[in-house]
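Here's a short problem set to work through with the model open in your viewer. Try each task before you read the solution.

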Amino acid sequence: QVQLVESGGDLAQAGGSLRLSCAASGSIFSINFMGWYRQAPGKQRELVARVSQSGSTSYADSVKGRFTISRDNAKNSVYLQMNSLKPEDTAVYYCEAEVRTTWFSSLNDYWGQGTQVTVSS
């Protein structure tokens, strides 16, 4: 069993910053990609950013230049530094990890419970 726990969601003003954290724990042999997704009310969940085990990153166009994803492999953790926040960044943010629980198992996706980010104008 693998658990992902997010933290850092809060209310922020437009132009402000927030930092989200996510820690994975449990039966973990290795983690491939880790990422952040978000879901606004009435919208589909969308990818915000992903980072590979080696540190390669990718971002949604809407957050490029404003958000930075990073990870600490020793802590099985991923972070999202969000700067220059906009009201349209308001959403529930979910952490995701592709986990191998043993050396011979396949990769499986695990998700956190979500953390609310609200940006006021």
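**Exercise 1. Strand partners**

Which residue in strand 9 does Tyr 37 stand opposite? Work out how strand 4 is paired on both sides, keeping in mind that this is a predicted model.

*Solution.*
- Step 1: go to Tyr 37 and look across to strand 9; the residue facing Tyr 37 is Tyr 94.
- Step 2: zoom out to the strands. Strand 4 runs antiparallel to strand 9, with 8 bridges in the pairing.
- Step 3: now try strand 5 (residues 46–51), which also pairs with strand 4 in the antiparallel sense, over 5 bridges. Here Gly 35 stands opposite Arg 50.
- Step 4: follow the chain from strand 4 to strand 5. This hairpin has 6 residues between the strands, and Gly 42 has a positive phi near 75 degrees.
- Step 5: check the burial of strand 4 (residues 30–39). It's mostly covered, with 7 of its 10 residues buried.

**Exercise 2. The disulfide**

Find which cysteines are joined by a disulfide, then work out its handedness.

*Solution.*
- Step 1: search the whole structure, and 1 disulfide turns up.
- Step 2: name the partners. Cys 22 is joined to Cys 95, at an S to S distance of 2.1 Å, which falls inside the 2.5 Å cut-off.
- Step 3: place them. Cys 22 belongs to strand 3 (residues 18–26) and Cys 95 to strand 9, so the bond ties together parts 73 residues apart in sequence.
- Step 4: take the torsion about the S-S bond of Cys 22 and Cys 95. It's about -80 degrees, so this disulfide is left-handed.
- Step 5: check accessibility; Cys 22 and Cys 95 are both buried.

**Exercise 3. Rings and charges**

Classify the aromatic pair of Trp 103 and Phe 104, then find which arginines lie over the faces of Tyr 79 and Tyr 94.

*Solution.*
- Step 1: count the aromatic pairs with centres within 6.5 Å; there are 2.
- Step 2: take Trp 103 and Phe 104. Their centres are 5.5 Å apart and their planes make 90 degrees. An angle over 60 degrees counts as edge-to-face, so that's the class of this pair.
- Step 3: look at how covered the two are. Trp 103 is exposed, at 66% relative accessible area, and Phe 104 is exposed too, at 62%.
- Step 4: move to the charges. Arg 19 lies over the face of Tyr 79, 4.4 Å from the ring centre.
- Step 5: go back to Tyr 94, the residue opposite Tyr 37. Arg 45 lies over the face of Tyr 94, at 3.8 Å from the ring centre.

**Exercise 4. Positive phi outside glycine**

Where do Asn 76 and Ser 84 lie, and how accessible are Asn 76 and Ser 84?

*Solution.*
- Step 1: recall the background. Most residues other than glycine have a negative phi.
- Step 2: check Asn 76, whose phi is positive, near 50 degrees. Asn 76 sits in the loop between strand 7 (67–72) and strand 8 (77–82), and is partly exposed at 24% relative accessibility.
- Step 3: check Ser 84, which has a positive phi of about 50 degrees. Ser 84 is in the loop between strand 8 and strand 9 (91–100), and counts as partly exposed at 41%.

Notes
Residues numbered from 1 in each chain as written. Predicted model: local features only at pLDDT ≥ 70, side-chain atom pairs only at ≥ 80, totals over all residues. Heavy atoms only, no water. Phe/Tyr/Trp six-rings, centres within 6.5 Å; stacked < 30°, edge-to-face > 60°. Buried < 20%, exposed > 50% of the residue type's maximum accessible area, 1.4 Å probe, protein only. Lys NZ or Arg CZ within 6 Å of the ring centre and 35° of its normal. Helix = DSSP H or I, 4+ residues; strand = E, 2+ residues; numbered from the N terminus. Pairing = 2+ DSSP bridges.
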